[in-house]
Amino acid sequence: MTDIVLLPGDGIGPEIVSAVRKILDAAGADLIYHVYDVGQTAYEKCGELIPAETFDAIKKYKIALKGPVTTPVGKGFRSVNVSLRLAFDLYANLRPAYSFENVSPFRNVDLITVRENTEDLYIGEERRIEGGFEAVKRITENATDRIINYAFSYAAAHGRKKVTCVHKANILKKTDGLFLSIFREIAAKYPEIAADDKIVDNMCMQLVTRPEDYDVIVAPNLYGDIISDLIAGLVGGLGLVAGANLGKDVAVFEAVHGSAPDIAGKGIANPVALLEAAVMMLEHIGKEETARKIKAATVKTLARGVSLTKDLGGGATTDEFTEEVIKNL
Ligand code: NAI
């Protein structure tokens with residue numbers, strides 16, 4: 001039995017967390033769930049977005065599976081996700097995306113985005129200036145060194161052939177310039193792995209025309225966020241792609257998508273992204289066999305196309321899809 005912290009979040013969070021938990025149990029994942037509130041739900045109950053007991057549980061058990069949480073746009077509190085990443089120094093955000101038979105518009109995608117998770121514009125330092133506001137984009141040697149080393153060691157450990165650095169160093173000569181120069185230094189230490197770099201706007205165009213040319217992508221926080229959502233679109237949408245937030249001690253696994261307020265409470269959310277996150281979590285804690293079983297059942301369910309959710313063109317509910325995955329385990 002392995003202890004994990006389960007954070008249902010809000011919006012569609014509780015619906016997809018419950019679906020994923022059913023599948024994990026049916027697959028015999030053998031987990032002990034410690035369920036805690038985070039975000040809006042926590043705020044309504046105790047006036048805090050990350051209550052001390054949630055924080056302590058993550059610190060104690062070190063592994064969390066997290067549903068999405070809402071962050072108000074343009075006002076209100078800082079993102080809970082950003083706060084968790086900073087609090088536990090979850091410096092690497094790993095977002096694998098690959099094509100699924102029958103549902104992915106692009107058939108040949110197999111990409112890993114490694115997104116720097118602690119700095120760039122996400123430090124949230126905005127200030128008033130005459131006539132408007134400005135925001136600080138922070139890129140430091142330490143954080144860049146750490147994420148680029150992570151990307152290359154990940155590529156080496158997983159037999160990946162190429163790492164591409166995404167940047168805008170033509171305009172941001174100091175910040176992105178630093179990111180790119182550290183990338184080139186570290187790339188030289190891995191002669192067996194091809195290395196190239198692309199300006200972010202060009203990278204978007206390349207990805208929607210020739211995604212098969214890319215393998216591992218490393219990027220500062222903002223470009224990594226945007227590019228990984230774009231890649232989600234290549235494989236069938238946000239409902240299919242997961243991410244791992246990895247630090248030295250703690251790891252938080254989640255879907256790439258948000259709380260989807262437009263469909264929350266309707267029972268039609270696609271649980272695959274969070275299920276993929278659970279698969280990454282199982283691999284991380286050494287339960288590879290269960291991970292493989294769930295992944296195979298997911299691939300089979302999507303390929304058969306019998307009980308697909310609305311985002312994938314079907315008419316099934318979250319529960320019907322979940323039952324289908326369980327049948328295919
Ligand atoms: P979103 O990802 O929640 O939704 C975008 C679109 O994709 C919506 O039409 C939604 O219905 C659809 N969608 C997303 N996940 C789906 C799923 N599993 N099944 C079916 N359809 C799905 O992005 P949006 O609307 O920009 O953000 C909503 C809230 O989520 C915001 O407060 C945002 O800050 C937050 N957010 C939270 C994240 C997290 O907790 N990790 C990540 C991204 C956004």
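How many residues lie between β11 and β12 in the hairpin they form? Keep that question in mind as you open the viewer, and remember that you are looking at a predicted model.

**Stop 1: the hairpin**

Select residues 242–246 for β11 and residues 251–255 for β12. The two strands make a hairpin, and four residues sit between them. Their pairing is antiparallel and runs over five bridges. To see one point along this pairing, show Ala-244 in β11 and find Phe-253 of β12 standing opposite.

**Stop 2: both faces of β11**

Stay with β11 and turn on its side chains. On one side you will find Ala-242, Ala-244 and Leu-246, and on the other Gly-243 and Asn-245; all of these are buried. With five of its five residues buried, β11 is largely enclosed by the rest of the structure. Buried here means a relative accessible area under 20%.

**Stop 3: across to β4 and β5**

Now add residues 92–98, which make up β4. This strand runs antiparallel to β11, and three bridges join the two. Pick Asn-93 and look for its bridge partner in β11, which is Asn-245.

Next, select residues 110–116 to bring in β5. β4 and β5 are also antiparallel, with seven bridges joining them. Here the pair to display is Arg-95 with its partner in β5, Thr-113.

**Stop 4: the whole sheet**

Zoom out and colour the strands. You should be able to trace an open sheet of ten strands in the order β2-β1-β3-β12-β11-β4-β5-β10-β8-β9, with mixed pairing. At the edges are β2 (31–35) and β9 (194–199); each has a single partner strand, so one side of each has no neighbour in the sheet. Look along the sheet and you can follow a twist that averages 25° from one strand to the next.

Two helices are worth adding to this view. Select residues 52–61 for α3, which packs on the sheet and touches β1 (2–7), β2 and β3 (63–66). The direction of α3 makes about 150° with that of β1. Then select residues 141–157 for α5, which lies across β4, β5, β8 (162–167), β9, β10 (216–219) and β11. Relative to β5, helix α5 runs at about 160°.

**Stop 5: two domains**

Colour residues 1–91 and 237–329 as domain 1, and residues 105–235 as domain 2. Their C-alpha centres are 25 Å apart. Where they meet, 14 residues of domain 1 are in contact with 14 residues of domain 2. Together the two domains bury about 1,200 Å² between them, with 53% of it on carbon and sulfur atoms. On the domain 1 side, highlight Arg-85, Tyr-91 and Gly-237: these lose the most area to domain 2, together 43% of what that side buries.

How many salt bridges are counted between domain 1 and domain 2? The count is one. For a salt bridge to display, show Asp-89 and Arg-146, whose closest N and O atoms are 2.8 Å apart.

**Stop 6: a loop residue**

Finish at Ser-307, in the loop between α10 (288–304) and α11 (318–327). Is this residue buried or exposed? Ser-307 has a relative accessible area of 11%, so it is buried. Show its surroundings and, leaving aside residues up to four places away in sequence, you will find that Ser-307 touches Ala-316, Glu-320, Phe-321 and Glu-324.

Definitions and conventions. Residues numbered from 1 in each chain as written. Predicted model: local features only at pLDDT ≥ 70, side-chain atom pairs only at ≥ 80, totals over all residues. Heavy atoms only, no water. Buried < 20%, exposed > 50% of the residue type's maximum accessible area, 1.4 Å probe, protein only. Pairing = 2+ DSSP bridges. Contact = heavy atoms within 4.5 Å. Axes fitted to C-alpha atoms, helices over the stretch in contact; angles between N-to-C directions. Domains from an automatic or database assignment. Buried area = accessible area lost by both parts, 1.4 Å probe. Salt bridge = Lys/Arg side-chain N within 4 Å of Asp/Glu carboxyl O.
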